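Me: I have a new model open and want to learn to read it feature by feature. Can you walk me through it?

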Amino acid sequence: MNTHICLVLVLYLCSFISFSQGDTSTFKAQFALGVNAPSSNGFVNDFEANSMNFPTINLGLQYMFKQKLGAKLDFGFNRFSNTDNSPEFKVNYSRINAQLVYDASIITSFSNNLGAFIHAGPGYSLIKPLGNYGANKISYLNVMAGMEFHYGVSDKLSIYLDASYLKGFAKDFNPVLNGFGSFNGDLLTITIGASISLSGCYYCGD
């Protein structure tokens with residue numbers, strides 16, 4: 001399933017690039033790397049994950065259909081593992097989300113090189129436990145919301161910091177053993193990445 005999601009994302013990227021020629025500040029590709037913190041209530045009793053885990057990887061495409069409003073499709077991969085006093089486990093948490101994007105750069109208007117974006121939207125989470133608990137795979141809907149702060153390095157490149165929260169809508173594990181080594185809770189991610197304009201410069205309108 002994860003391979004299929006990656007393939008879809010690549011196809012979207014190729015199609016967006018092909019249609020972006022000649023536009024200005026419309027299409028952007030993003031890549032970010034960081035850490036994640038799963039909520040403790042997403043595990044069954046006796047299972048506990050580290051409070052901070054690496055890696056979190058996010059890949060996205062952003063399309064601004066108005067000056068301040070746009071949308072993006074993005075894919076995320078997260079891995080987290082057990083603490084020392086918990087049974088041994090590792091979980092791969094993958095997700096795909098379609099989000100609205102709002103340019104909130106008015107809050108960083110004191111600098112021409114700074115920008116801010118708020119993003120939020122629904123998605124789908126896929127949980128794949130590794131090792132002894134591989135049979136306890138689950139999937140469920142989610143809603144993601146976050147904020148990005150960008151610093152323009154050049155006309156077409158910015159680096160950014162993103163903090164996002166994923167709210168999961170999963171059923172309780174029934175029976176409980178179906179939750180061994182698995183996860184059905186919320187996730188906080190903090191990433192640093194690069195955003196590349198595929199169609200023009202970031203601040204052409206400034």
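Reply: We go from the overall fold to strand pairing, salt bridges, the cavity, the surface and the backbone. Keep in mind that this is a predicted model.

Me: Start with the fold. How many helices and strands does the protein have?

Reply: Count the elements, then read their order. Here there is 1 helix and there are 8 strands. Along the sequence the pattern is α-β-β-β-β-β-β-β-β. Of the 206 residues in the protein, 48% are buried.

Me: What share of strand β3 is buried?

Reply: Burial is read from relative accessible area, and under 20% counts as buried. In β3, residues 69-81, 10 of the 13 residues are buried. That makes the strand mostly covered.

Me: Which way do β2 and β3 run, parallel or antiparallel?

Reply: Look at the bridges and the direction. β2 covers residues 53-64 and runs antiparallel to β3, with 9 bridges joining the two. They form a hairpin, with 4 residues between the strands. For a register mark, take I57, which stands opposite F77 in β3.

Me: And how many bridges pair β3 with β4?

Reply: The count is 13, again in the antiparallel sense. β4 spans residues 90-103. Here the register mark is D74, which stands opposite N97 in β4.

Me: Now the charged pairs. How many salt bridges does a search of the whole structure find?

Reply: The test is a distance: a side-chain nitrogen of Lys or Arg within 4 Å of a carboxyl oxygen of Asp or Glu. The search finds 3. Take K72 with E148, where the closest N and O atoms are 2.8 Å apart. This pair links distant parts of the chain, K72 in strand β3 and E148 in strand β6, 76 residues apart. Both K72 and E148 are buried.

Me: Which residue meets D74 in a salt bridge?

Reply: R95 does, at 3.2 Å from N to O. D74 sits in β3 and R95 in β4, 21 residues apart. D74 and R95 are both buried.

Me: That leaves K167 and D186. Where do these residues lie?

Reply: Their side chains meet in a salt bridge at 3.6 Å, N to O. K167 lies in strand β7 and D186 in the loop between β7 and β8, so the pair ties together parts that are 19 residues apart in sequence. Check the cover at each end. K167 counts as partly exposed because its relative accessibility is 37%. D186 counts as buried, at 10%.

Me: Next, the interior. How many cavities of 30 Å³ or more are there?

Reply: Count the enclosed spaces, then ask what lines them. The count is 1 cavity of 30 Å³ or more. The largest cavity has a volume of about 90 Å³. Its lining has 15 residues, and Q30, N58, K72, D74 and Y160 lie nearest the centre. You have met K72 and D74 already: K72 pairs with E148, and D74 pairs with R95.

Me: Which strands supply at least two residues of that lining?

Reply: They are β1, β2, β3, β6 and β7.

Me: Now the outside. Which residues make the nonpolar surface patch?

Reply: I106, I107, F149, L161, Y165, L188, I190 and I192 make it, with an area of about 760 Å². β7 and β8 are the elements that give two or more residues. β8 gives the most, with 3. Y165 is in strand β7. It counts as partly exposed because its relative accessibility is 40%.

Me: Last, the backbone. Which residues does a cis peptide bond join in strand β2?

Reply: Read omega. A cis bond joins F54 and P55, with omega of about 10°. P55 is in β2. Another cis bond joins N174 and P175, with omega of about 0°. P175 is in the loop between β7 and β8.

Me: What sign does phi have at D46, positive or negative?

Reply: Positive, at about 80°, although D46 is not a glycine. D46 is in the loop between β1 and β2. This residue is exposed, with a relative accessible area of 64%.

Me: One more. How far apart are the C-alpha atoms of S197 and Q62?

Reply: Compare sequence separation with distance in space. The two residues are 135 residues apart along the chain, and their C-alpha atoms are separated by 9.3 Å. S197 is in strand β8. At 4% relative accessibility, S197 counts as buried.

Definitions and conventions. Residues numbered from 1 in each chain as written. Predicted model: local features only at pLDDT ≥ 70, side-chain atom pairs only at ≥ 80, totals over all residues. Heavy atoms only, no water. Buried < 20%, exposed > 50% of the residue type's maximum accessible area, 1.4 Å probe, protein only. Pairing = 2+ DSSP bridges. Patch = residues over 30% accessible without salt bridge, like charges linked within 9 Å, V, L, I, M, F, W, Y side chains within 5 Å. Areas by Shrake-Rupley, 256 points an atom, 1.4 Å probe, with all protein chains shown as cover. 1 Å grid on protein atoms, 1.4 Å probe; cavity = no way out; pocket = protein on both sides within 12 Å on 5 of 7 lines; lining within 4 Å. Points joined across faces, edges and corners; volume = space filled by probe spheres on them.
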